Amino acid sequence: IARAIKPKDSGTVTSCTLHHFSDACETGYGQSSYIRLVNNKGKVHCSLLIGKSRVAPLKYISIPRLELIAATLSIKVSKMIREELDMEIEDDVFWADSQVVLCYIKSDVRRFKIFVANRVQQIRDNSRTEQWHYVSTGDNPADDASRGLDSKDQDKIKRWFEGPSFLWNKTPRWSINEQANQLSEEDPELKKVVKVNSIQMRNELLLRV
């Protein structure tokens with residue numbers, strides 16, 4: 001396992017970004033964070049900085065809520081890395097394979113029930129909505145943190161330690177403006193709108209007194 005995040009032949013680093021992936025399933029949730037370095041010759045190098053996984057609570061929690069908890073975990077790890085890593089970081093990029101969670105993050109906090117609203121507010125307080133992007137499940141290394149990884153699966157092991165292949169592209173894919181799906185008005189985490197009708201009644205007898 002390569003421990004150095006900056007190879008000896010990397011030259012002068014011109015760009016340093018952090019990429020945080022999150023995922024959840026019925027049994028657990030987790031995240032993984034990578035550092036992406038670009039040198040003065042345009043060469044890209046990515047490596048794993050830290051990964052965390054948690055067992056899902058015994059009390060049932062819906063998958064969107066677990067995905068949101070995992071996204072919140074990425075925020076906490078991002079803050080910790082910035083405090084500990086002695087390097088100039090250009091930006092943080094957050095990745096999730098749940099379109100629902102991305103819709104939560106990019107929506108008005110006041111629309112949601114307390115559980116979701118509190119976590120979305122924490123995410124919004126520590127990141128910008130444009131930092132959040134969609135990644136397919138097949139490209140999401142945090143899927144291995146939530147579901148586990150077989151030592152015989154060499155492709156996934158490589159992805160876990162080096163990040164998904166698109167991070168190694170010279171042209172960042174995340175620079176493309178992504179359009180998140182619209183949040184369904186039937187989403188169970190949305191507050192219900194209560195309509196109240198009032199009727200004004202006049203007592204003519206009292207008015208005549």
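**Notebook: strand E2 and its surroundings**

I began at the pairing of E2 with E3, where Arg36 stands opposite Cys46 in E3. The model is predicted: local features need pLDDT of at least 70 and side-chain atom pairs count only at pLDDT 80 or more, while totals for chains, interfaces and linings use all residues. Residues are numbered from 1 along each chain as its sequence is written, and side-chain values use heavy atoms, with hydrogens and water left out.

**Entry 1: pairing.** I took strands (E, at least two residues) and helices (H or I, at least four) as DSSP runs numbered from the N terminus, and counted two strands as paired if DSSP finds at least two bridges between them. E2 and strand E3 (residues 44–55) run antiparallel and are joined by 11 bridges. Their hairpin has 4 residues between the strands, and Gly42 there takes a positive phi near 85 degrees. For E1 and E2 I also found 11 bridges and an antiparallel run. That hairpin has 3 residues between its strands. Asp23 stands opposite Gly30 in E2.

**Entry 2: burial of E2.** I looked up how many of the residues of E2 are buried. The count is 12 of 12 (buried means under 20% relative accessible area, exposed over 50%, partly exposed in between; 1.4 Å probe, protein chains only). In a regular strand the side chains alternate between the two faces of the sheet. In E2, Gly28, Gly30, Ser32, Tyr34, Arg36 and Val38 point one way. Tyr29, Gln31, Ser33, Ile35, Leu37 and Asn39 point the other way, and both sets are buried.

**Entry 3: His20.** I then checked His20, which is found in strand E1. His20 is buried because its relative accessible area is 0%. Its side chain makes a polar contact (N or O atoms within 3.5 Å, one able to donate a hydrogen and the other to accept it; residues adjacent in sequence count only if both atoms are side-chain atoms) with the side chain of Ser33, at 2.7 Å. Leaving aside neighbours within four places in sequence, His20 is in contact (heavy atoms within 4.5 Å) with residues including Gln31, Ser74, Ile81, Asp92 and Trp95.

**Entry 4: cores.** A nonpolar core is a set of buried Ala, Val, Leu, Ile, Met, Phe, Trp, Tyr and Cys residues joined through side-chain atoms within 4.5 Å. The largest has 35 residues, and Tyr29, Leu68 and Trp132 are among those with the most contacts inside it. Elements giving two or more residues to this core include strand E2 (28–39), helix H1 (63–84) and helix H3 (114–126). H1 gives the most, with 9 residues. Apart from this core I noted another, of 13 residues, among them Val93 and Trp160.
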